Structures are given as C-alpha cells and as structure tokens.
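Got your viewer open? Here is a short walk through the model, one selection at a time.

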Amino acid sequence: MSQSVADLPAQIYTLHILNKTAEHPRAAQCLATLAAADIVLLIENAVLSAPEVTTAAPCPVFMLAADARARGLTATADVSTEAAGVTPQIGYEQMVQLSALATRIISW
Amino acid sequence: MADIFLKTYTLVITGAPYSSQAPQTALDFARAAVTAGHQIDRVFLYGDGVHIASALACPPSDEPHWPKLWSEFLTEHQIPAVACVASALRRGLVDSGEQQRYELPAYNVRAPFEIAGLGEWVEAGTCSKVIYFHSGA
Amino acid sequence: MTTLIVIDQAPYGSWSGREGLDMAFSLAAFDQSCALLFSGAGVNWLRAGQQPDGLGQKSVAQNLGAAAIFGVEALYADTRACQRYALADDALIAGITLITPDQAFMTGFENVTFAG
C-alpha cells in the first residue's frame with residue numbers, strides 16, 4: 001500500500017526520521033517533540049514499533065516498505081487491521097518527497 | 001515536477017557499513033533523490049561513517065560492497081564526498097597526503113572520497129538541506 | 001539559522017558526545033548560531049569534578065566552561081534527566097540552563113542534530 005504525492009500534506013513543519021524501536025530512549029524523546037503538523041517516518045528497526053508509535057503520535061506516521069518487508073511485516077488489506085490503524089508503507093521515492101516538503105528534518 | 005520543488009541535499013552518514021543500515025538507507029535515498037531530479041551537493045562521512053571510504057573492505061561476494069557501491073554512485077553523478085579528518089584519522093582511514101605526513105605504512109581511502117574538516121559540513125548546512133543517517137543502535 | 005546539537009549518550013563510554021561537541025564548536029567557529037542540549041544519559045557530561053585521566057581520556061570541562069567565549073550560545077540540560085542522574089544544581093558545572101525538551105522548546109531551532 002503506497003501513498004501518492006496527492007495524499008501527502010501540502011506542508012510539513014518537521015519530518016522526524018526515526019530508526020530505533022520504541023524502547024530506545026531517543027524514540028521517547030522523538031515522541032515528546034511531535035506536533036500535529038509534523039510527519040514521522042519509521043525506517044530500519046523502527047518499523048517494528050509502528051503500531052505503538054502510530055497510536056502515540058499526534059501526526060501521521062509512515063514506514064519504509066523495504067524495512068517492513070525485510071522484517072516480515074507485510075502490508076495487509078485485512079479490514080480488522082485497517083481499523084486498528086495500519087501504518088502506511090512508502091518507498092524511498094516518497095521518502096525523498098517527504099524530505100522535500102518538510103521545513104526541517106530531524107533524524108533521531 | 002516544477003523546478004521550485006527541486007532541492008539541494010547534503011547527506012551526512014555517521015553509521016558504519018556492516019555495523020548499521022545507515023550506508024544502505026542513505027544510498028537508496030540518494031538514488032531516489034537523483035532520479036527525482038534533486039541535486040546532492042555533497043556526502044559527508046562523520047564518526048563511524050568514515051568506514052564507507054575504505055579501499056580495503058572485503059565483504060563476501062554475496063553481500064553488497066558498500067564502499068564500492070558508494071564510490072560508483074558518487075563517481076557516476078559527480079557528487080563530492082568528504083570523510084571528516086578527525087573521525088577518519090582516529091579510525092585509521094588515511095589518504096596519501098596523511099600517509100606521508102604521519103609516515104604511515106599505507107593509505108586506504110577510496111576514490112572519490114577526500115579527507116577534509118568539519119568546515120565542509122558547516123558550509124554545506126548553509127546552502128542545502130542536510131539529512132543525517134545514523135546507526136540504529 | 002539556529003542549530004541545536006543534542007548529546008544524549010553518557011561520557012567516556014561512548015564517543016558521540018565528543019563528536020557533538022566538535023560539531024557545536026565548528027558551527028560557532030564559523031559564526032553559525034548554535035546551542036547544545038544535554039539530555040538522557042548525556043547530562044553526565046555536565047557533572048563537576050570529572051577526572052578521566054585514569055582512562056586515558058581528556059576532560060571536556062574546560063571546553064564546556066569556555067563554550068560561551070567560543071560562541072556557543074547556550075548549554076541546555078534536560079531537567080528530568082538531571083534528576084534521574086542525581087545532578088542537583090551544585091553538582092553541575094557553571095553556565096547550564098535547565099529546560100524541558102518538549103515540542104515548544106525544540107521548535108525554536110531551525111536544525112536539531114545528533115552527532116550519531
């Protein structure tokens with residue numbers, strides 16, 4: 001399930017790139033600084049914490065498809081997981097788009 | 001895409017190859033950025049990231065050769081690349097100039113990487129969008 | 001263009017703190033506006049009386065003490081992390097401003113950067 005440019009907000013104040021799982025202290029620090037107009041992109045190991053981060057974040061959360069697939073987290077069309085808030089998966093192309101749209105980028 | 005949406009990026013990599021995913025994520029980002037028409041002003045290696053510049057890495061043939069993949073990408077797109085001198089020297093990444101200066105037995109920095117100071121990073125930050133690729137540890 | 005360099009790893013056992021300090025001092029040397037934030041275990045860089053010579057390492061106390069003269073605009077420390085590591089005001093080196101690194105605080109910087 002990939003997002004097109006049309007689905008991304010017109011302006012993102014901060015793009016937060018998080019590559020650490022939720023129990024890492026820096027992940028908590030990241031969550032503490034999120035604003036509603038921000039975007040969180042989970043990459044590398046952080047995709048494993050997608051449900052937790054998506055629930056906690058006041059802003060949209062995306063994850064890199066390649067990292068999710070590597071770790072066995074497949075995109076599913078199951079309705080019940082949709083209801084639980086599945087984190088949309090994107091490719092490196094959309095990662096670049098998000099970075100271009102953001103006013104600032106923080107890699108945690 | 002209209003030109004006003006095209007950006008200039010500096011990529012800073014602080015995670016080492018084979019110890020972190022940073023070099024891989026950064027390269028996939030870099031390829032996507034160039035494909036989309038953005039410009040990469042330079043790539044800056046800092047901390048453990050300097051190991052990407054090694055000419056002596058010898059991974060198994062069925063694993064990606066990160067220093068080689070990076071040097072090929074940088075050469076193909078003529079993107080300047082710098083390994084921070086303080087980080088590199090401490091970790092034993094030296095070019096021929098440093099080899100002579102310190103009378104070392106060899107040099108091992110792979111082209112097109114050059115050794116330079118943090119001033120390059122400071123300057124890059126004044127004229128491009130800087131994105132960092134850290135270790136996940 | 002204000003940059004906040006964040007140091008969140010403890011001293012002497014990891015090097016990202018030193019690398020963060022190098023970044024901050026480089027920015028200051030090139031007249032770029034910057035500040036340092038010590039958070040998490042990184043607040044331990046700020047404890048007075050460190051003597052790392054037994055480990056073959058250098059103390060950064062002098063560098064931090066001279067940060068303002070070098071042009072680093074502020075040294076911030078996370079209040080809660082200081083409490084966690086029992087760093088009362090009198091245990092800290094001079095010149096530290098205690099803050100909470102929440103969204104409002106972080107929004108004040110154009111760049112927020114870690115060394116690693």
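**Before you click**

Colour by confidence and pick chain C: its pLDDT (the predictor's confidence in each residue, from 0 to 100) averages 96, with 99% of the residues scoring at least 70. For the complex, the predictor gives an ipTM of 0.95 and a pTM of 0.94. This is a predicted model, and local features need pLDDT of at least 70, side-chain atom pairs count only at pLDDT 80 or more, and totals for chains, interfaces and linings use all residues. Residues are numbered from 1 along each chain as its sequence is written, while chains are lettered from A and ligands numbered from 1 in the order in which they are written.

**Stop 1: the sheet of chain C**

Stay on chain C and show the cartoon. Helices (H or I, at least four residues) and strands (E, at least two) are DSSP runs, numbered from the N terminus. You should find five strands in an open, parallel sheet, ordered S4-S3-S2-S1-S5; strands pair here if DSSP finds at least two bridges between them. Strands S4 (96-99) and S5 (111-114) of chain C sit at the edges with a single partner strand each, so one side of each has no neighbour in the sheet. From one strand to the next, the twist averages 30 degrees.

Now select strand S3 (residues 75-78) of chain C, which pairs with S4(C) in the parallel sense over four bridges. Within that pairing, C:Asp78 has C:Ile99 of S4(C) as its bridge partner. Next, add helix H1 (residues 16-29) of chain C: H1(C) packs on the sheet, touching strand S1 (3-7), strand S2 (34-38) and S5 of chain C, and its direction makes about 165 degrees with that of S1(C). Such axes are lines fitted to C-alpha atoms, for helices over the stretch in contact, and angles run from 0 to 180 degrees between N-to-C directions.

**Stop 2: over to chain B**

Which strand order does the open sheet of chain B have? Its five strands run S4-S3-S2-S1-S5, with parallel pairing. The edges are S4 (113-116) and S5 of chain B, each with a single partner strand, so one side of each is left without a neighbour in the sheet. Neighbouring strands are turned by 25 degrees against each other on average, direction ignored.

Pick out S2 (residues 39-45) and S3 (residues 81-84) of chain B, a parallel pair over three bridges; B:Phe44 has B:Val82 in S3(B) as its bridge partner. Then show helix H5 (residues 119-127) of chain B, which lies across strand S1 (8-13), S2, S3, S4 and S5 of chain B and runs at about 150 degrees to S2(B).

**Stop 3: where chains meet**

Select the contact between chains A and B: 16 residues come from chain B and 13 residues from chain A. Contact means that C-beta atoms, placed from the backbone, lie within 7 Å. On the chain B side, helix H1 (22-35) and strand S5 (129-133) each supply at least two residues, and H1(B) gives the most, with five residues.

Now swing round to the other contact of chain A, where nine residues of chain A meet 10 residues of chain C. Helix H1 (25-32) and strand S5 (102-107) of chain A are the elements giving two or more residues to the chain A side, and H1(A) has the largest share, four residues.

**Last stop: A:Leu42**

Finish by selecting A:Leu42 and its contacts, among them A:Leu18, A:Val47, A:Val61 and A:Met63, not counting residues up to four places away in sequence.

Notes. Contact = placed C-beta atoms within 7 Å.
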